[in-house]
Amino acid sequence: MGEKLLEIKDLSVRYTTDGVIAHAVNHVNLELDKGEILGIVGETGAGKTTTALGILNLLPRYTAQTDGEILFNGVNVLRASEKEMQKIRGEHISMIFQDPMTSLNPVYTVGDQIGRVVKIHNKEKGKEFVEQRVDEILNLVGIPAERKVEYPFNFSGGMKQRIMIAIALACNPELLIADEPTTALDVTIQAQVISMMRSLQRELGTAVILITHDLGLVANFCDKVAVMYSGEIIESGAIEQIFDSTNPHHPYVVGLFGSIPKITRKTKRLTPIEGLMPNPASLPEGCKFHPRCPYCMDICKTEEPEAVIVNDHLIKCHRCVRKEEA
Amino acid sequence: MSDERVLVKVEHLKKYFDTPRGKLHAVDDVSFEIRKGTTLGVVGESGCGKSTLGRAVLGMNPATEGHVRYNGKDITHQSHREFKESRRQMQMIFQDPYSSIDPKKTVSEIIAEPLKIQKIYKSRKDLDARVIELMEMVGLDLIYMNTYPHELDGGRRQRIGIARALALKPEFIVCDEPVSALDVSIQAQILNMMMDFQDELHLTYMFITHDLSVVKHISDEIMVLYLGTVVERAPSDELFEHPTHPYTKALLDAIPVPELSYHGVEPQLLKGEVTSPINPPQGCRFAKRCPYVTKACTENMQELREISPNHFVACCQFGK
Ligand SMILES: Nc1ncnc2c1ncn2[C@@H]1O[C@H](COP(=O)(O)OP(=O)(O)O)[C@@H](O)[C@H]1O
Ligand SMILES: Nc1ncnc2c1ncn2[C@@H]1O[C@H](COP(=O)(O)OP(=O)(O)O)[C@@H](O)[C@H]1O
Ligand SMILES: [Mg+2]
Ligand SMILES: [Mg+2]
């Protein structure tokens, strides 16, 4: 057991817009040790980004309501002062956002923007070191260092994303939250980025939360996984547990695997999950997956299943409970 | 050209754009054929010219050089009338159909539009019946007829795009990243549907994507593009079993496979910078990133050579 870095206890987040309440995150529990890599998987709208924003206490103040606790190094970030949070965000946690376009400042060159972050984290080092580090970081993300004198508008979307990643890495954070950091990138560049994150994690012991919908990335990079559906964690466990098809699984997880075309085998037809994830403003009774579930039973329509944990492998499904009893 | 099973034949196609810094070689001397009822997958990184090639094949933007033959007929430089006529047989599906449609139109108006432009139906009743038929085909609930596309999720929006493309009963569809923006569970629904339509309606696809597992799943043949040039083309299984061009190898190596045996596996990373497509230097476009580069690679343009039946590679080092 490592040293605990992050503990999310019974987190719920509701957004209220025009009197409509969206239950974006529902009773989420998560733990992360120092240096550990957690993957959060789930389709659009599952509540992944909301959870991440909660960790940084960046949820919109007036429209988002939170319950539960998020402890970072023992401090409840949801109740921390803005001053404390600024310190945490500046020095301890970095986040790579899904949309890099909004996060770069258009009036500074990318070299200046990366350099500024490098300087903050290496106060005792000189100008030469900073310049060298900027070049290194740009090269790492596949952008020629001589382009550091250019402004963000000169770069393609993919390149801007790589620059954001470069800036986050320059912070040497304790926790890196990467929210779909490679979704818009090509696989060869994605491989470089993941390799960068991996060496950061190995060399500096950075813990990583990788939010993605790519199960391949999770298999390759993460130690453990949490699968989110309708704001809940419906299955979580060590990578060995989740990717072993002989283990019991939540039907949604089975559906996710059935939806991916296999590169290593020939599949004639995919077996998708029919239907769509429910609207968080009108979640179904009982299990939130039951309207799409091929194994739906009567109890699933009325009673929310309890999370059952066996050897740290969590599944929230009535059917899996039945199986275990049988 | 005598092969009557060939529906689309592209010969030495080039598409250059004028930019302030010089000529941008978006598509540079690309040749291939697509046989009737099959799918040619086109893969490559963003900016390598996939969309430009797709549009040039359909005559949506005129080629700089080269020829496109459709059913044996040269359609490279068509008049406006011929272009309109050809749209009955050739259609396109986009990554986000939303970007290519009028947001002020409702779902049924969007699907009806090509039918109206081509004046297919005389009566309103027949037109409506066809729109309903199309919505049912693509699995769009009729309650969405008068909905605006921005009110719908990505999966349903793509179903609109597909219904619209199918409206004129085309033979050939260029699918430009049609599932790239969708969640996997929705992506699988759309892919299954497109493959069913291919069987039922005898469609021929040019399927553009950057997702290699998707392209392997859907394609009979795969063409790998790098900065406007074809580096490798082979039947789908052959390409994945015997990737030969160093770029293809790097690409396949970089795919994260959702299996436990790939945990912690470090793919061979490509180093070096990407060559600019503006006034590119002569020789292989991949040379700057290629781990096996030699002098010969930068001196001569690489020709596609057939290294085994229907397997073509443009590399002077590999596949001899
Ligand atoms: N600022 C917001 N105001 C209102 N609803 C929001 C806001 N942000 C997200 N939501 C809603 O909360 C749900 C979860 O969203 P999000 O956390 O972004 O999911 P994910 O990152 O998994 O796609 C979605 O239904 C989304 O529409
Ligand atoms: N209308 C245009 N004018 C100038 N350059 C263009 C135009 N359209 C595309 N390009 C350039 O052509 C190249 C290929 O683009 P594109 O076909 O969109 O690639 P892909 O679809 O593979 O991402 C890129 O370098 C792009 O910037
Ligand atoms: Mg998100
Ligand atoms: Mg494109």
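Guide: Let's begin with a word we'll need: buried means a relative accessible area under 20%, exposed means over 50%, and partly exposed is what lies in between. One more thing before we look around: this model is predicted.

Visitor: Okay, let me try that word out. Why does C171(A) count as buried?

Guide: The relative accessibility of C171(A) is 12%. The cut-off is under 20%, so C171(A) counts as buried.

Visitor: And what makes C320(A) count as buried?

Guide: The value for C320(A) is 8%. Set that against the cut-off of under 20%, and C320(A) is buried too.

Visitor: Let's stay with cysteines. How many disulfides are there over all chains?

Guide: Zero over all chains. Take C320(A): its nearest cysteine sulfur belongs to C317(A) and is 3.9 Å away. A disulfide needs two cysteine sulfur atoms within 2.5 Å, so C320(A) is in no disulfide.

Visitor: On to the rings. How many aromatic pairs does the structure hold?

Guide: Ten, counted over all chains.

Visitor: Pick one. Why is the pair of Y151(A) and F153(A) called stacked?

Guide: Check two numbers. The ring centres of Y151(A) and F153(A) are 6.5 Å apart, and the planes are at 10 degrees. Rings pair if their centres lie within 6.5 Å, and planes under 30 degrees apart count as stacked. That's why this pair is stacked.

Visitor: What makes Y151(A) partly exposed?

Guide: Y151(A) has a relative accessible area of 34%. That value falls in between the 20% and 50% limits, so Y151(A) is partly exposed.

Visitor: And why does F153(A) count as exposed?

Guide: F153(A) comes out at 64%. Exposed starts over 50%, so F153(A) counts as exposed.

Visitor: Now chain B. What makes the pair of Y70(B) and F172(B) tilted?

Guide: Their centres are 6.2 Å apart and their planes stand at 45 degrees. Under 30 degrees would be stacked and over 60 edge-to-face, so this pair is tilted. The two rings come from distant parts of the chain: Y70(B) sits in strand β4 (residues 65-70) of chain B and F172(B) in strand β7 (residues 172-176) of chain B, 102 residues apart.

Visitor: Are Y70(B) and F172(B) buried or exposed?

Guide: Both are buried. By our opening definition, each has a relative accessible area under 20%.

Visitor: Let's visit the ligands. What tells you that T49(A) makes a polar contact with ligand 1?

Guide: An N or O atom in the side chain of T49(A) is 2.7 Å from an oxygen atom of ligand 1. The limit for a polar contact is 3.5 Å, so this pair makes the cut. K48(A) also offers a polar side-chain atom, 2.8 Å from an oxygen atom of ligand 1. G45(A) uses a polar backbone atom instead, at 2.6 Å from an oxygen atom of the ligand. As for cover, ligand 1 exposes 560 Å² when taken alone, and the protein buries 68% of that.

Visitor: Which element gives the most to the shell around ligand 1?

Guide: Helix α1 (residues 48-55) of chain A, with three residues.

Visitor: And which contacts does ligand 2 have?

Guide: Among them is one from the side chain of S51(B), where an N or O atom is 2.8 Å from an oxygen atom of ligand 2. G49(B) places a polar backbone atom 3.0 Å from an oxygen atom of ligand 2, and C48(B) has a backbone N or O atom at 3.3 Å from one. The protein covers 64% of the 560 Å² of accessible area that ligand 2 has on its own.

Visitor: Where does the largest share of the shell around ligand 2 come from?

Guide: From α1(B), which gives three residues.

Visitor: Why is α1(B) called largely enclosed?

Guide: Seven of the nine residues of α1(B) are buried, so the rest of the structure largely encloses this helix. The buried ones include K50(B), T52(B) and L53(B). Just after α1(B), G59(B) takes a positive phi of about 75 degrees.

Visitor: Last stop: what makes D183(B) buried?

Guide: D183(B) has a relative accessible area of 11%. That is under the 20% limit, so D183(B) is buried. You'll find D183(B) in the loop between β7 and α6 (184-201) of chain B.

Methods. Residues numbered from 1 in each chain as written. Chains lettered and ligands numbered in written order. Predicted model: local features only at pLDDT ≥ 70, side-chain atom pairs only at ≥ 80, totals over all residues. Heavy atoms only, no water. Buried < 20%, exposed > 50% of the residue type's maximum accessible area, 1.4 Å probe, protein only. Polar contact = N/O pair within 3.5 Å; in protein donor to acceptor, adjacent residues only side chain to side chain. Areas by Shrake-Rupley, 256 points an atom, 1.4 Å probe, with all protein chains shown as cover. Helix = DSSP H or I, 4+ residues; strand = E, 2+ residues; numbered from the N terminus. Phe/Tyr/Trp six-rings, centres within 6.5 Å; stacked < 30°, edge-to-face > 60°.
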